[in-house]
Amino acid sequence: MTVSVMARMRLKSFFPGNLLMGMMFILVVTATIERDFSPECREFLYMGTPPVGIESGTLVKICQRYNGKPRYVTLYDTTNRVPLYSAYTFKRSDGMKSVDVPWMYEPQLSTTSETGEMQSFPRHYVHQNFEDAQAVLDDYTNAIDYERGLLNTDEHQAEPDDKAAAYTLTNAVPQVREFNVGPWKAHEHVIRKRLNNYCRGTAYIITGIVPSGNHIRRYNMDRVGIPSYVWSAYCCINYDRNAPYGERYKFPAHAHYGPNEKENNQVLELSIKKLEEFLKKSMVVDKSFRLFVDDCVPPSLALS
């Protein structure tokens with residue numbers, strides 16, 4: 001597919017203050033980015049349906065492929081070089097992280113692409129081939145306050161290839177270190193244990209950001225959008241009905257979010273509807289915005 005970025009710049013960006021950057025971004029990107037997720041990529045979405053009510057010309061849908069297989073999907077903002085969300089299926093795991101996995105980039109966002117799979121950054125790459133529409137490793141080199149926080153976290157995957165596939169910069173956002181290794185990481189543990197123990201079927205997770213309008217800058221240019229909040233929601237309709245009430249009421253779906261700050265950065269758990277209300281107030285989304293079909297309430301429960 002060929003995407004005209006000039007045409008896309010007519011539409012509203014999720015980050016304010018990027019009109020000048022958008023006008024400078026005039027090349028035509030030729031890629032195999034999907035207009036809509038294919039059936040094999042929709043398996044990572046509850047009822048095969050992505051979140052609705054998110055519209056912007058700067059967003060592209062990426063089916064994240066690694067080692068011959070699709071692994072998860074991402075909605076990516078090419079102007080601000082940051083994922084808006086990644087959606088994946090939870091795999092029961094012990095929480096171990098991947099080791100010695102190189103960071104990767106998305107060839108589908110380059111001006112030319114010979115592959116639809118994420119690739120490791122070459123040692124001596126030509127920046128123009130990569131950095132126009134996505135973040136590169138140099139963007140984070142001097143950003144000492146921020147870490148590359150994973151939206152699809154390897155802690156929620158079991159197989160080595162699924163864990164490795166999380167390490168692409170199209171799945172990473174600038175997270176304040178104190179928030180990333182503190183409250184956010186602790187809550188990733190909480191969700192892993194909850195789903196390990198009480199989800200009996202497939203758990204669908206969507207993890208995303210609320211844009212702040214601020215950026216990591218390099219060479220006096222806005223490069224990577226910094227989130228003001230990070231949020232996550234899961235949906236598991238087949239769960240243990242005999243779980244303790246303190247856990248059972250958080251099924252079939254629940255959510256949480258937290259501020260991407262050094263201090264006062266505690267994570268709040270809340271219902272899917274409450275998270276959607278918060279995101280409608282905090283982001284540029286339609287009134288129809290919804291994370292899961294019917295908020296992950298199966299028809300049998302909706303009628304009871």
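Accessible areas here come from the Shrake-Rupley method with a 1.4 Å probe. The structure is a predicted model.

**Exercise 1.** Determine what area the protein chain exposes and what share carbon and sulfur atoms supply.

*Solution.* The exposed area of the protein chain is about 14,000 Å². Of this area, 52% is supplied by carbon and sulfur atoms. As for burial, 57% of the 304 residues count as buried, the cut-off being under 20% relative accessible area.

**Exercise 2.** Establish where pLDDT stays under 50 and how many contacts beyond four places in sequence the model has there.

*Solution.* Begin with the chain as a whole: its mean pLDDT is 85, and 84% of its residues reach 70 or more. Next, locate the stretch under 50, which covers residues 1-32. For these residues the model has 75 contacts beyond four places in sequence. Where pLDDT is low, the predicted coordinates should not be read in detail.

**Exercise 3.** Identify which element gives the largest share of the lining of the largest cavity.

*Solution.* The structure holds three cavities of 30 Å³ or more, and the largest has a volume of about 70 Å³. Its lining residues include Tyr-88, Trp-184, Glu-188, Ile-191, Ile-205, Thr-207 and His-256. Two elements, helix 6 (177-198) and strand 10 (204-218), each give two or more residues to this lining. Helix 6 provides the largest share, three residues. Sorted by class, the lining has five nonpolar, five polar and one charged residues.

**Exercise 4.** State how many helices and strands the protein chain has.

*Solution.* The protein chain has nine helices and 13 strands. Among its contacts with a separation of 6 or more, 70% join residues 24 or more positions apart.

Key
Residues numbered from 1 in each chain as written. Predicted model: local features only at pLDDT ≥ 70, side-chain atom pairs only at ≥ 80, totals over all residues. Heavy atoms only, no water. pLDDT = per-residue confidence, 0-100. Contact = heavy atoms within 4.5 Å. Helix = DSSP H or I, 4+ residues; strand = E, 2+ residues; numbered from the N terminus. Buried < 20%, exposed > 50% of the residue type's maximum accessible area, 1.4 Å probe, protein only. 1 Å grid on protein atoms, 1.4 Å probe; cavity = no way out; pocket = protein on both sides within 12 Å on 5 of 7 lines; lining within 4 Å. Points joined across faces, edges and corners; volume = space filled by probe spheres on them. Nonpolar A, V, L, I, M, F, W, Y, C, P; charged D, E, K, R; others polar.
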